[in-house]
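Thank you for letting me take a few minutes of the meeting. I would like to walk through one structure slowly, so please keep the picture in view and stop me if I lose you.

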Amino acid sequence: MAKKVALLVGVSNYQQGLSALPSATKDARAIKQVLQHPDMGGFAEADITLLLNPNKDKMEDAIYSLFANRNSDDLVLLYFSGHGAKDEKGNLYIATPTTRTDQNKRVLAHTAIDTSSIKQKMNDCSSRQQVVILDCCFSGAFLAKGLILGNKLWAVLTSSDTLEYSYAPEASELSIYTRYLVEGIKTGVGDLNNDGNISVDELYEYTKKKVQETSPKMNPLFDNGRGGHKIVLAKSPKDDPKLKYRKKVEEIARQEERKFTSFNRIYEGNITDNFHRIYLNDLRNSLNLTKEDAKAIETEVLTPYCLRKNKLNSYGKVFAEAIKQGYPLSQQNRQMLKDLQQVKNLRDEDVEQIEKRILDSLPTPPITNQLPKPTIGGTTQVNSPQIPQPTKPNKTQPVSNPSPGNKNIGANKPLPNVPTIKHPTNSVSWQPPQPPRQNPTQDNLDSEQVSNKYTKLRDLLAAKNWKEADKETAKVMLRASGKELFGYLSEDDIKRLPTKVLDTINQLWVKNSGGRFGFSVQKSIYLQVSKKYDMLGDRLGWKKEGKWLYWGELNFSEQAPKGHLPSGTCPLGTVEGLIWDGCNVVSVLLSRSDF
């Protein structure tokens with residue numbers, strides 16, 4: 001008798017060098033729920049294997065078992081959510097909890113699973129219906145060298161192409177890609193032709209459309225052989241009023257989004273057209289839906305547009321602040337905006353459109369950078385004002401291996417032709433005057449000599465309000481780096497933080513905690529564990545039973561382990577993430593030699 005068999009793998013916990021992915025295990029669980037539902041996927045629960053954070057051997061054994069000893073009529077499905085990486089030849093590897101990286105942050109191939117072995121098992125498998133779904137970075141590389149399985153029906157769905165990263169939102173949510181895979185099956189909206197079945201190509205089309213509504217830069221891929229696009233993964237409810245209403249809301253939202261785009265405006269994610277509003281109200285009454293049901297459906301459908309609007313508006317707010325400092329932008333400000341674009345997963349054309357809209361809306365042109373040009377006679381000339389034109393951001397060149405943040409964050413190229421100031425040369429090279437370095441340890445930290453920017457932190461620490469002091473520490477570091485609007489600090493930001501800022505923060509923590517908390521306390525322990533971040537997490541109490549804690553799970557009391565605070569909020573400037581997410585940044589911080 002034909003069976004439908006699935007292996008679902010989610011890997012959230014990783015070793016140093018690969019960031020944690022809290023959504024990955026939730027992704028696998030969510031896929032299991034819709035597959036085993038009798039009115040959806042119809043997989044028998046006994047035929048679904050769910051692996052959460054398995055080691056390499058266990059994962060390889062499970063993949064072997066999935067494809068071995070199958071009947072020709074069986075449907076075989078492999079799903080993976082986690083980190084992906086490529087080698088120099090473009091081969092895709094999927095990372096396990098024991099996967100390691102070298103000193104250059106490249107994944108060590110022998111500690112990960114080469115997906116070419118999965119292709120071989122698919123080829124050897126007797127099943128004539130095989131589906132692979134990969135929600136990981138560079139997942140499109142699985143298809144790069146082609147897949148030939150004889151007369152078998154097969155289909156592969158990937159969350160990104162060969163060069164792209166996949167993105168995972170806040171820890172409480174599913175990844176962007178899996179969220180809409182699940183939604184397409186759970187609601188039945190993935191049944192695009194209304195025949196009662198959801199085939200893999202229909203699910204791909206729906207998921208790609210929804211993903212790009214939220215993150216247009218992502219490019220999910222699909223390939224199939226021998227008619228594999230018609231493999232049915234799930235059923236959809238027939239004549240369901242909620243499904244009918246949802247599909248109409250989807251159609252109207254796309255129409256409104258196109259209209260706003262044609263006027264160079266950002267779609268707010270609301271039904272604004274009066275005709276559309278009246279039509280939906282009448283449709284709701286005709287389908288006997290409650291106002292609450294209709295509102296819930298509209299909210300779910302329009303959420304991707306709202307999320308995208310928030311990202312675009314957020315970028316625009318930062319850009320508007322940046323041009324106040326001069327335009328064209330300095331190299332540093334442009335690079336910071338490129339970093340923000342990467343984090344928010346915005347396309348170059350999105351950024352160009354936002355910047356043009358803001359520049360066009362200004363009553364007067366922004367301040368133009370005017371740089372002095374020394375002449376041989378010693379006089380100075382000033383560049384004549386230039387009419388500013390929006391600069392198109394450079395294409396981001398992605399790296400080929402994971403680094404902490406989202407599922408991966410790529411590297412960026414600096415902008416060329418950034419003007420610099422040139423000074424006359426003589427026998428003594430010119431150097432800007434350097435102010436004398438003050439050592440805050442010489443200051444009285446209880447006196448007025450503590451700058452106003454540290455007053456709130458000092459008062460919170462004096463009151464033993466460790467939780468709020470931890471938040472304030474992050475804010476002070478963000479302000480000192482000029483990254484308040486960005487909300488996070490990179491490794492380079494940590495390297496550039498002034499010594500006085502770190503010294504002052506550290507001394508305030510050390511003094512008010514009686515030597516229990518502070519960067520210097522953490523650094524001492526960091527050196528004791530030979531700079532191994534995993535062991536540091538154990539010693540500082542940032543891990544519990546082998547799992548990294550979220551910020552809200554930390555111990556904000558004097559009974560906390562020595563060095564427990566300040567926490568991982570300081571590297572990222574956010575209080576919601578896993579402490580593990582600060583791995584590289586904390587390592588850079590504790591490796592500094594000036595405190």
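**A walk through the strands and helices**

Let me begin with helix 5, residues 200-214, which lies across strand 7 (129-135), strand 8 (153-158) and strand 10, and which runs at about 170° to strand 10. Please keep in mind throughout that what we are looking at is a predicted model.

Those three strands lead us to the sheet itself. It is an open sheet of six strands with mixed pairing, and if you read across it the order is 2-1-3-7-8-10. Strand 2, residues 48-52, and strand 10, residues 221-225, each have a single partner strand and stand at the edges, so one side of each is left without a neighbour in the sheet. Direction ignored, neighbouring strands of this sheet are turned by 5° against each other on average.

To see one pairing inside this sheet, find strand 1, residues 4-10, and strand 3, residues 75-81, which run parallel and are joined by seven bridges. As a landmark there, you can look for V5, which stands opposite V76 in strand 3.

In the loop between strand 7 and strand 8 you will come to F138, and this residue has a positive phi of about 60° although it is not a glycine.

There is also a second sheet to find, an open one in which three strands follow the order 4-5-6 with antiparallel pairing. Here strand 4 (84-86) and strand 6 (113-114) are at the edges with a single partner strand each, so one side of each is left without a neighbour in the sheet. Strand 5, residues 92-94, runs antiparallel to strand 6 and is joined to it by two bridges, and within that pair I94 stands opposite I113 in strand 6.

Now I turn to packed helices. Two packed helices are described by the angle between their axes and the distance between the axes.

How do helix 2 and helix 3 cross? The axes of helix 2, residues 56-67, and helix 3, residues 115-124, come within 9 Å and cross at roughly 20°, and because angles under 35 degrees count as roughly parallel, helix 2 is roughly parallel to helix 3. Their crossing is right-handed. On the side of helix 2 the contact is made by I63, Y64 and F67, and on the side of helix 3 by I118, K121 and M122; by class, these residues are five nonpolar, no polar and one charged.

Helix 14 (residues 499-512) and helix 15 (residues 519-528) give us another pair, with axes that come within 7 Å and cross at roughly 90°, which makes helix 14 roughly perpendicular to helix 15. In this contact L502, I505, N506 and V510 of helix 14 meet F519, S520 and V521 of helix 15, and the classes are five nonpolar, two polar and no charged residues.

Finally, I would like to point out some details of the backbone. A cis peptide bond joins Y327 and P328, with omega of about 0°, and P328 lies in the loop between helix 8 (291-323) and helix 9 (331-344). Another cis peptide bond joins L565 and P566, with omega of about -5°, and P566 is in the loop between strand 15 (547-548) and helix 17 (569-572).

As for the record, an unreviewed UniProt entry carries the annotation "coiled-coil region" for residues 329-357. In the model, the chain over residues 329-357 is 83% helix and 0% strand, with its end C-alpha atoms 16 Å apart.

Technical notes. Residues numbered from 1 in each chain as written. Predicted model: local features only at pLDDT ≥ 70, side-chain atom pairs only at ≥ 80, totals over all residues. Heavy atoms only, no water. UniProt positions renumbered as here; feature names shortened; annotations may be inferred. Helix = DSSP H or I, 4+ residues; strand = E, 2+ residues; numbered from the N terminus. Pairing = 2+ DSSP bridges. Axes fitted to C-alpha atoms, helices over the stretch in contact; angles between N-to-C directions. Contact = heavy atoms within 4.5 Å. Parallel < 35°, antiparallel > 145°, perpendicular 65-115°, else oblique. Left-handed = near helix turned anticlockwise from the far one by under 90°. Nonpolar A, V, L, I, M, F, W, Y, C, P; charged D, E, K, R; others polar.
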